[in-house]
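Thanks for coming. Please look at the structure on the screen before I start talking about it.

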Protein chains: 2
Amino acid sequence: MRDTRAELLIQAETLVRGRGYAGFSYADLAAAVGIRKASIHHHFPSKVDLGAALVAAYAARYAAALEAIRTEVADGPGRIEAYGQLYLGGVEQGLGCLCAALAIEGEALPERLRRAIAAFFADHLAWLEAVLRAGQADGSVRAGTDPAALARYVIATLEGALLMERLFASPDAFRGTLAVLVDGLRPR
Amino acid sequence: MRDTRAELLIQAETLVRGRGYAGFSYADLAAAVGIRKASIHHHFPSKVDLGAALVAAYAARYAAALEAIRTEVADGPGRIEAYGQLYLGGVEQGLGCLCAALAIEGEALPERLRRAIAAFFADHLAWLEAVLRAGQADGSVRAGTDPAALARYVIATLEGALLMERLFASPDAFRGTLAVLVDGLRPR
DNA sequence: GAAAATCTACCTACCTAATGGTAGACAAGA
DNA sequence: TCTTGTCTACCATTAGGTAGGTAGATTTTC
């Protein structure tokens, strides 16, 4: 059996991450999946519905990855390093962050999607803050800076590096930035 | 006398930085400037022409700002701090980076524009590298890390912070990230 | 210096293709 | 038989872009 809905989500994610939310159309998606345009509306009545489902699936995948990192990696810098590796895949495949693609639309983004990506970032910030706080407690992360501020700084660096290094198709440069980032978190 | 071309550039920049390149149309721009859609084509025959002019103007403004920083601020961290302040304005006005808005379009972006924004980032990277190298030489910037890698890391952090903090409409959080960034550049 | 030609900046009217979305038919499974 | 998934055939709107014209300024020519 063929799970068309799942296939639609996969292809749509690739399109949005590759060309932006406003930059892809139902016609593109139909062609990518091998289905007629109207059939997409059966699964996702409107483009906003599709966008919301995309963010939900993306967030769920990340949530699972974050959970895995927390159980498999013990120290703070190691966890941030592993977190950064999640972004690296995007650089290697030439795909940006789904939520960055949506965030760029700013005021034109439907409120529902804006809330969804804000929640995505808020979740990551909370996870990072907890990881950094624990790292400060066990001495693996340098103390003296508010973990919440550090969390924002970590996400910003990785999102920005993904944005720029995808343009330059330069995974090595991304790794370099990740190294500088992680190194700066270690105690001095 | 009314300089329509300049007005078009101003309004178009606001639109692109506010909603993305694919997210604005000649009709939007015509309405913003108070001119007919067809008249825009007199100044900018195609949307790509407009986009290229936008990047050129944006890059020129930045180039002037970078030059000013170099003459007015002496130490490395101070210069990076001043550089970061340039991004802060975007957060305060709810406008992203023009080149980030274009970069998100990825593969769908016309080659000409891709080259233009790559040059934009390359210029900034060169400036930052020189600033950081000078800072390492005069002892105001921590040594031990390749200035080129440091430059990429600086841009990434600021671009990412602008992207995220604009979404959260949080200039204070941007300032916090900038502080963490600059502080990390100081000698230990 | 006047007349003619040219250029600039805008206009109305239109074009074709693409946009997101809808209506209704039809076939396969449970 | 009712639901699910897909189809064809539409729809109105918007996209970027073009054709051709006009009023006013500027330049060229006699």
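How many residues of chain A are in contact with chain B, and how many of chain B with chain A? The count is 42 residues of chain A and 43 of chain B, where contact means heavy atoms within 4.5 Å.

Some ground rules. This is a predicted model, in which local features need pLDDT of at least 70 and side-chain atom pairs count only at pLDDT 80 or more, while totals for chains, interfaces and linings use all residues. Residues are numbered from 1 along each chain as its sequence is written, chains are lettered from A and ligands numbered from 1 in the order in which they are written, and side-chain values use heavy atoms, with hydrogens and water left out.

Back to the two chains. The area buried between chain A and chain B is about 3700 Å²; buried area is the accessible area, taken with a 1.4 Å probe, that two parts lose on being put together, summed over both. Carbon and sulfur atoms give 70% of that area.

There are four salt bridges between chain A and chain B. A salt bridge is a side-chain nitrogen of Lys or Arg within 4 Å of a carboxyl oxygen of Asp or Glu. In one salt bridge, A:Arg19 meets B:Glu107 at 3.8 Å, N to O.

On the side of chain A that touches chain B, the helices that each supply at least two residues are α1 (4-19), α6 (98-103), α7 (111-138), α8 (147-167) and α9 (171-185). Helices here are DSSP runs (H or I, at least four residues), numbered from the N terminus. The largest share, 14 residues, comes from α8(A).

Now the DNA. Which residues are closest to DNA strand D? They are A:Thr4, A:Arg36, A:Ser39, A:His43 and B:Lys47, among the 16 residues that surround the strand. Near means that a heavy atom of the residue lies within 4 Å of the strand.

In the surface near DNA strand D, α3(A) gives the largest share, four residues. Of the strand's atoms within 4 Å of the protein, 57% belong to sugar or phosphate and the rest to bases.

Three individual distances to finish. A backbone N or O atom of A:Arg36 lies 2.7 Å from a phosphate oxygen of DNA strand D. In A:His42, a side-chain N or O atom is 3.2 Å from a phosphate oxygen of the strand. The side chain of B:His41 instead has an N or O atom 3.3 Å from a base nitrogen of DNA strand D.

Technical notes: Polar contact = N/O pair within 3.5 Å; in protein donor to acceptor, adjacent residues only side chain to side chain.
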